[in-house]
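Here is a short report on one structure. It takes the pairing of the chains, then a helix, then a single residue.

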Protein chains: 2
Amino acid sequence: MAKPTLSRGMRDFTPLQTAGRNYIFDVIKAAFRKYGFEQIETPAIEELSVLTEKYGEEGDRLLFRILDSGNFLESITDEQLQSRNTRAVSAGIASKGLRYDLTVPLARYVVMNRNELTFPFKRFHIDKVWRADRPQRGRYREFYQCDADIIGSESLLYDAECVLLLDEVLSALRLPAYTIKLNNRKILSGLAEEGGFSDKLIAFTVAIDKLDKIGEEGVVRELGNNGFSETQIHKMQSLFRLQGSNVEKIEKLRSLFPTSETGQKGVEELSSVLDYIGLEPLKGGQISLDFSLARGLDYYTGTIYEVTLDTVQMGSIASGGRYNDLTASFGVKDMPGVGLSFGAERLYDVLAELNLLPEIKTTQVSVLIANMDKSTENQSFGLLRKLHAAGIAAEMYPTPSKMDKQFKYAEKKGIPYMLIASAEEAASEKYQLKSLGSKSQELMSISEIINSLKTNG
Amino acid sequence: MAKPTLSRGMRDFTPLQTAGRNYIFDVIKAAFRKYGFEQIETPAIEELSVLTEKYGEEGDRLLFRILDSGNFLESITDEQLQSRNTRAVSAGIASKGLRYDLTVPLARYVVMNRNELTFPFKRFHIDKVWRADRPQRGRYREFYQCDADIIGSESLLYDAECVLLLDEVLSALRLPAYTIKLNNRKILSGLAEEGGFSDKLIAFTVAIDKLDKIGEEGVVRELGNNGFSETQIHKMQSLFRLQGSNVEKIEKLRSLFPTSETGQKGVEELSSVLDYIGLEPLKGGQISLDFSLARGLDYYTGTIYEVTLDTVQMGSIASGGRYNDLTASFGVKDMPGVGLSFGAERLYDVLAELNLLPEIKTTQVSVLIANMDKSTENQSFGLLRKLHAAGIAAEMYPTPSKMDKQFKYAEKKGIPYMLIASAEEAASEKYQLKSLGSKSQELMSISEIINSLKTNG
């Protein structure tokens, strides 16, 4: 009999890990609700026609595809089989897949329900997504995304709200120094227009996206190799090297776009977002304009942001931005949106590393009823029912056993009290309530025990 | 551009539906925790070697299988391809699948973590499972199971606890009349021993499992067609027809097993479970011994139970039982357990039908800040920050718009108050707080507004 294993890149979560993750989800949910986002759910399984061609070629490759039921080879021709054309066969035998993120399902949801929704539609969604990626440290094939998006408004007020929501969650998690990097895609497009390399904008953003990894020198080399001229590279450098406060940077920025309307629009948008936020400091972190911030995904069209920790090397722990054409790929135009996403796995890792997970108990049980012997067992079980009826979380040890063993069980589970009903005392309806911490014990009636546990439990 | 669709048997959940389901999950979780169960999570994707041959042939057929990544045809021979042998090809190109329930993943989890776990291990798990079933009314391909199990103890005290936990949850959901049907598999095995048809026990349980659908007459016909003798059928009928209170039924039951030790053991077990529960009535429903209760799954070996509603035709809304060999298929013996499972979809449907879902608000937002005009927008946004900082759930309308439109937005979302900052009044830092219910409004400072919302919100 083979030992069972987890599938590659998959994880179990113990009660302690689950409780820690619940704490994070609860903080995020509370903030999302406070800002007026409503929760929806969509299925894990989507038609591949919904999922494909939304994430680029790499994304399509990383989709988990689900084999059709029944005689799935039916629609495959002999020719296709003989040629062993993986792509054609795959397309013929798998019509469903697991969602890759929560954004494309949101687009589908909005398109299918647009006549019933109240716009602007503020929704949140916290759930698992799947990617057939090569597993490595910190990268899993199944992980949670915690997304909040506002669909149906171009107002930059919402961009500002998203920035504040990032701060709300991260400060509530008591994370120490963090920086919300802020940029606008139009500024990068504007730079390309001014530099005459609009045709190479994607190569440009791909290169600067690597700034953290390969440094400015590396980026300059990569751009050089990709045929960017020295003047163009110099333009980029003058953008990246803007110094000063956010207000000063905005001022300097304007002069960088003498001709590009897109660039000027980007500066205006960025400036508006900062104006909404105003001068009141954030709860925990700080906002830093970072014109080298590019964000990988192609669909962002305006504001983009990303949060990094100042003292922990961890990559971004949250990010997002504005997109103008979320639902265009489903044939519905003019559905702009802005949103953000927290990475639950990274948040958990960093909170654990910094010892910031609150002291979490995996059990709520405040008392374990000892199982003394067969003759009093049913009576003791009656006490369990009384405790439960009084709203007290309680357990009873399942078999008459040595007290040592029962104490150990309570200790391991973190149960603070034991209720011991010895035969003589039980006859007078008095029971020992023993504190496992202080080792003290007291003889009490069940209603006295209930009161005591309600006060101390 | 094709309109996007949901995959067959899949569902989206609107904010209102999600909130209703959250209510049910919260009630179930609170009860599970009160009884000392700790939450775990396991992945949606499992190796097919873990999933297959656990649910019978039908179950294997209903597994969603995931296509291997990369060149998945590699390991398939030309012969297999040409013969179009679906089963062989499937086995060669799909090594992973989606979990079919939460029980087999629990068995895998216990086997892999048995050295770290504290036994008896009381765990709960609430999550989605998937079955490639033909969708129909009330039957979906993706649905939630809410499971609690206790692993590593033979104590019938836990069987009694499970029965009480069923009552705890269903009474907390304020369901009206429900019946917890109770039986023991050993009683059915004992009947087979007494009747000399132990070799046909499965055909027997399959037949009586249909009692609700085809009636006693139908069961008798099916048994007759399967070669059961009249004497055997008569034995069954005398079991099913036992009348009286639960105590009386137990008494009469003993005489039905003059020779079968298994049958006697079943009676003793059932009697013990009833003794633990005692005479104190349940919170909401009642327990009824039902010797025709068989439960489909093969792995039950002792106590079995199932809950039905007295006034709504809905099938079972919760069920479970005791199994002695949960982990045997993974090579680990002596791991007995007992557990129960709530069906979230049926609970939701029945609560909705009976109007028992509490009045659910999809938003927690208590005030919408009106967006009056561009000149006061930033100042109003500052008020939003102040409300959030004071812990008040609030939104601001994204663009200066007609008041009508803004009121409509607040109404549709169920936001009870609007804060209106007109230019003149804003200059004196006083704002109108308008109740959408009573239409009354009052001029107040922001701190007065905060106090008022904290009191009434």
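## How the chains pair

A turn of 180 degrees, with a shift of 0.0 Å along the axis, lays chain A on chain B with an RMSD of 0.1 Å. The two copies are thus related as by a two-fold rotation axis. In chain A, I66(A) has the C-alpha nearest that axis, at 2.3 Å from it. The model is predicted, and these values are computed from it.

The interface fits this picture. Of the interface residues of chain A, 100% are also interface residues in chain B, so the copies meet through the same surface.

## Helix α1 of chain B

Helix α1 of chain B covers residues 15-34, which is 20 residues. Does its length fit, and is it covered or open? At 1.5 Å a residue it should span 28 Å, and its end C-alpha atoms are 28 Å apart, so the two agree. α1(B) is mostly covered, with 14 of its 20 residues buried. Just after α1(B) comes G36(B), which takes a positive phi of about 90 degrees.

## S380 of chain A

S380(A) sits in helix α15 of chain A, which runs over residues 374-389. Is S380(A) buried or exposed? Its relative accessibility is 2%. The cut-off for buried is under 20%, so S380(A) counts as buried.

Which residues does S380(A) touch, leaving aside neighbours within four places in sequence? S380(A) is in contact with I369(A), A370(A), M396(A) and A421(A).

Definitions and conventions
Residues are numbered from 1 along each chain as its sequence is written. Chains are lettered from A and ligands numbered from 1 in the order in which they are written. This is a predicted model: local features need pLDDT of at least 70, side-chain atom pairs count only at pLDDT 80 or more; totals for chains, interfaces and linings use all residues. Side-chain values use heavy atoms; hydrogens and water are left out. Helices (H or I, at least four residues) and strands (E, at least two) are DSSP runs, numbered from the N terminus. Buried means under 20% relative accessible area, exposed over 50%, partly exposed in between (1.4 Å probe, protein chains only). Contact means heavy atoms within 4.5 Å. Copies are superposed by least squares on the C-alpha atoms of residues with pLDDT of at least 70 in both. The expected span of a helix is 1.5 Å times one less than its number of residues.
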